[in-house]
Structure formats: structure tokens, C-alpha cells
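Biologist: Please show the structure, and then we can go through the ligand site and a hairpin.

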Amino acid sequence: MSQAIESTLHESRLFNPPAGFSDAIGGAYVGSLDEYRALHERSINDPESFWGEIAGELHWFRSWDRVLEWDCPDARWFVNGKTNLCYNCVDRQVDEGHGDEVAIIWEGEPMPGGKPEVRRLTYRDLQRETSKLANALKSLGIEKGDVVTIYMGMVPELAIAVLACARIGAPHSVIFGGFSAQAIADRVDDARSKVILTCDGSWRRGKIVPLKDNVDEACAKTSHVENVIVLRRCGNDVQWNDDRDHWWRDLTLAAPDECPCAPLDSEDMAFLLYTSGSTGKPKGIMHSTGGYMVYTYLTSRYVFNLRPGTGQVYWCTADVGWITGHSYIIYGVLPNRVPTLMYEGAPNFPAEDRFWDIVERHKVTQFYTAPTAIRAFMKWGDEHPKSHDLSSLKVLGTVGEPINPEAWMWYHRTIGAEKCPIVDTWWQTETGGQMITPLPGATPTVPGSCTLPFFGIDAAVVNEQGEEQPHNSGGLLVIRKPWPSMLRGIYGDRARFIDTYWSRVEGMYLAGDSARRDDRGYFWIMGRIDDVINVSGHRLGTMEVESALVAHDAVVEAAVVGMPHEIKGEGIAAFCTLGPGYEASDELKDALCAHVTTEIGAIARPDVIRFANALPKTRSGKIMRRLLKSIASGEENTTQDTTTLEDFTVLAKLREEKEG
Ligand code: WTA
């Protein structure tokens, strides 16, 4: 991590939007940096006219009275406007005569007989299927405002599920399929959700992940769930509870295929999405309907230069279980009427060229992925992309973590053939949409920098007093003005909402990242300022992993820190002290890893576990995390044999003496 920052400090390569880009893409929406600057200025100085105009490009059952009411930290966008996300994604396209165009291209992971399984769903298909499922949900008593939990693999029915919820105004809470039963139960409890939509299993690298089993186990840990709807995907055996479980197919076959989209208030909650913070359990980030819709629509359009009716195929490789999948597989893309591709499985199944095979076969024009994936592709070797025709690609995107300049250059050369602009998009679950990002036809890019704020975004690097920092010195990344897709709160926890985002710097949204701006004014994200680590682009709280570890009988105390990891960006290092009767061993390490996987999910599995007599603490009793971080990064020499108990207290003493 520190190495990455060091190298970005010296990065000076500048890449102008490639000549011919605008022609190749059918016209760039924003064609130059000057144009960007003029429009950005207007969007900041007169947000109401700017956003009012954009919102007017979408469908509203009733127009708004005012574009914005702002009483920090509470925003109301498109006040009293009535709209519906599903209508704008689906029904509107049908009503405007595009019902038979492809909305979703889906490819499954297995390759039976060497052939991929591909499904194409039109807007009309989506209208019918979301209506049926919405009616099925209603038949189970789900009403507007009821939270629907969704725990599914990357199948088209996952998109149908979220859109069906949007149709009737039942906020969804999508849980990534890699999370454990315990994680599902925690989220269901927090949201008091009465229904779960799931699959029998999901495919991952040729194996079946038993999603229904996990849901069964979760239901045993919570009393809220009354109904479970199960989609058959893998055909694996499942347990059945006649009072609670329903086959997706039975329910939807019986359901009528008409269900009008409910006119929702612009500020009605569209969904909840749980994300990790520095303390406690994951928090349910609340997003609204109107503002979220307008912002994700515009960012999708401009950042990827989506042009309906020009043969584009857009592919974001994220899972719908994360915010990237919500905003940039579904909600932002469908209203732009460009087909969105969903791929079910792993990038290296059956072989390491799977993504490039997909790009070639479907003639993907915009491709959006994470730095961790790019680093894996680099490691797997250039022969994989080189054996495919990638010439359909026009725009490349990255998201989730800082991209190291080497990975950026590889992406630019090997995937983009030096003719595709790279959009390095900085944003968060909380921001709902992309916040700091190049525009492909306008912004010259520098490897490792997310460049400049999107329209309407007043981003700054400040100190604790809220004063803007001079260029090239680091500080806190804040957003100083409200934006349409900003989070509306943390579900059920107003105090935590204020405390986390609005109390450290008066009147500004605190992102939780540190950043600096260079001489051009470009932003460089330096890393988190809290105890959140970023593992393969996934956010994890160190506290969550620590709680999981100490929940094991053997562990008395645990400290978890991030460490540099070649592929994942950050890996997880856990330092544990053991209770009486337990001895350090490789078996115990394995048991602890398995335990964390059960408590949270495989993404939280520690990369390294080290056992200690005691954790290094300051005189006032605080765990010396910085010391542990440098030990984990190999900066401090300690004994090589890490299965024996180590004595970090000696190091701590030395360090304390040194630092006085
Ligand atoms: C990090 C993902 C550098 C950052 C959309 C942020 C990034 C956290 C970038 C949010 C980027 C995301 N460059 N860092 N382009 N994009 N991050 O909520 O630390 O899963 O605060 O949202 O990821 O992660 P989240």
C-alpha cells in the first residue's frame, strides 16, 4: 500500500482521450476538458436547474415541487415527485416501442459440451417477469415498505428480483452470495425482513455453493422469516420446509403477469445495502428512489458514454450483491437502453481467458472491473487476452480500490490496445454512484488517479477544520454539497449516521478516505482513515473479523490489520493470543480460518494468522496497530517460525522508547 502511494507520487504520464474516440463511440457526450469544466461549474453553482433538467429525461408520474431541500445532513431531492425505478428501467422502454430489444444478456458459468449457456431477456420479458414476481410477493403479504432479502447467485432472476421489489416499493436488501448464514441472519434481523429470495445453489468455479442450505441455517438463527422463495438453478438437493418454502416457478406460474409500477415518492427508500464500517456490525445504508435513479442514470450515461440503439454491449463484472452491481449493472444502465451483460461465474473457469472469450463473443463495448481482477489477469499472462479479438472495446473502467500504475498501464495496453480511455471511478456504497472519475472523451488520464469530480460533486481535500489543503498535501476526502444519490441514513441508527459521516468535519460528508490533489487538481485516493480494509475491492471492518476470531473458544484477544497483497490489494493479517490449554499450531490456524468463514464468509478469511503471548499495547492499553501493520508487511524482523508464540511486547517496548 505505502509502496503504491510512493510510486503514484512520481507518476507523470498523461494520456489524452484517444484520437478518434468520439467517432468510434458515436459521439462523446462531453467532448473536452473545457466543456467538462463549464458544465461542472454550472452544476455546482445552480444544482437545481442542472438536476431538474436531467431528471426531466426520465419518467415521473408526478413532477417535483422543488429539486432540492437541504438541511444538513438531510437531503430531499425532487420533493413530492412520484416515480418508479422499475418503470424507468423496463416499462418505459416497452411503452416507447423498444419492448423487443435486449435488456439483459446473461451467460452462465458451466460450459456444457464446450458451449456457453446464454439467455437474452428483452424489456418485454422483464416487464412480464417482474410483474409476475411482484404479484407473487404480494400474494405472500409483502407490501410497500417491507424489506425483501435477496441472497442469490448471478442469474437473470436476481435482476428480476430487485426490479420486482422496485415495482411495488418493497426495498430490497441484497446479500452477496459469498456471505455466511450468520451474516444473513444478522442482516435479516437488522432489517426485520420477512421474506428471502434465494436459489438452490450457485455455480462458482465448477462447484455448487449451497445457497439454500445457508438460508436454512440463517432462518434457524432468526425468527423474522416467514417465507422463502427458491429458484432452481443447480439442481442440488435441498431441505424443504412446507410451511415456509416455495418454489419460484410454482409461485410465478400461478401469478398474473400484470402489475402496475407503484408511483413512489421520490424519497421512498429504494433499497438497503449492508456495508462494513470501523465499529460493530455492518450498517444498512439507505438509498432513496428519485435521487438515486437520476444520479445513476446520468453517471452511467456520461462515464461509459452509453448510446442507445448503436449496438453497444455494456459489461460490468461486479456481483449485484455489491453497490457496483446495483448501480452499474441494473439501475443506471437499463434506463439508458443499452444491453447489460451479466456473467454468472468466475473469471478463470473453465480457463483463464473466460472474460476475454465473453468480450469477443458478445462484442462488449464498455467493460468495467476491479483492480484486483486486473492484477490477477496480469499474473495469468498476456496470452489469454491476446488469443481473443478485443477490438469491440471502447471504454474501460475500474472501481473498488486504488489501481496501481503498473496495472493501469497493462489494462491500457493489453486490453485497451491504447485506444480505450480508462475511467478510474472513485465512489462508495454510501454515495450510490460514481463521484470522482474521468469522462472518457474529455478528461486526460494519469495512471493511478481518479482525476476530477463528476457533475454536481463538490469534492475537496481538507483538514479537521474543514480547510482545503494545498495541492500535493494529503488530507481528508470530503463532499461539501449534497448530491442526488447520497445515502439517506443508516437503517435504524441515526446516531451512527451522524457520527460516522457528519461529525468530524462540520457540515461536510466525510468519505472515510484520505486523498491528495496534484498540481492539475486531480484527486489521488491514498487509503482509508478508519479501521476498514479493502480486500479484493471488498470492504471489511477489522473489528468484524476480530469479533469473529474471539468468538472462537481458543482466542482470548485478536487484532486484525491489512497487509499488502499482490493480487487482493490488501490481505488480512490476524494476531491472536490463546486461552489456557490451547497451543499454537497449523491445525488451529486452519480451524480459526474456517471459523471466520462461518461467521462472516470466505472473503473475510485471514491470509495470515500469528499467535502471540500478548498483543503489543501502549501504556494506556491501546493495541499498537501501526506496529502490527508493519510486522504484517514484513517491515519489522521477527522470528520466521510463526506457529510458535511470538513476543511482540518486546518490539512494542522498543518502539515506545524510540517514539518517546
Ligand atoms: C475504495 C465501492 C481508490 C475507497 C464502489 C472507498 C477506491 C471504498 C476506488 C468504497 C477508486 C472505491 N480508487 N479507492 N477508484 N473506488 N475505492 O463501499 O476506499 O464497496 O471508500 O464501494 O473503496 O467501497 P464500497
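**Ligand shell and hairpin**

Biologist: Which residues come nearest to the ligand?
Modeller: The model is predicted. In it, 17 residues surround the ligand. Those that come nearest are Asp-424, Thr-425, Thr-429, Asp-513 and Arg-528.

Biologist: Which residue has a backbone N or O atom 2.8 Å from a nitrogen atom of the ligand?
Modeller: Two side chains approach oxygen atoms of the ligand: a polar atom of Arg-528 lies 2.8 Å from one, and an N or O atom of Thr-429 lies 2.6 Å from one. The contact you ask about goes from the backbone to a nitrogen atom of the ligand, and the residue is Thr-425.

Biologist: How much of the ligand's accessible area does the protein cover?
Modeller: On its own, the ligand has 530 Å² of accessible area. The part of this covered by the protein is 95%.

Biologist: Which elements give two or more residues to the shell around the ligand?
Modeller: By class, the shell has six nonpolar, six polar and five charged residues. The elements giving two or more residues to it are α12 (323-331), β20 (422-425) and β25 (523-528).

Biologist: Are the residues on the two faces of strand β26 buried or exposed?
Modeller: Strand β26 spans residues 532-535, with Val-532 and Asn-534 on one side and Ile-533 and Val-535 on the other. Both faces are covered, and these four residues are all buried.

Biologist: What is the bridge partner of Val-532 in β27?
Modeller: β26 pairs with β27 (residues 538-541) in the antiparallel sense, over four bridges. The two strands form a hairpin with two residues between them, and Ser-536 in the turn has a positive phi of about 55 degrees. The partner of Val-532 in β27 is Gly-541.

Key. Residues numbered from 1 in each chain as written. Predicted model: local features only at pLDDT ≥ 70, side-chain atom pairs only at ≥ 80, totals over all residues. Heavy atoms only, no water. Buried < 20%, exposed > 50% of the residue type's maximum accessible area, 1.4 Å probe, protein only. Pairing = 2+ DSSP bridges. Near = heavy atom within 4 Å. Polar contact = N/O pair within 3.5 Å; in protein donor to acceptor, adjacent residues only side chain to side chain. Areas by Shrake-Rupley, 256 points an atom, 1.4 Å probe, with all protein chains shown as cover. Nonpolar A, V, L, I, M, F, W, Y, C, P; charged D, E, K, R; others polar.
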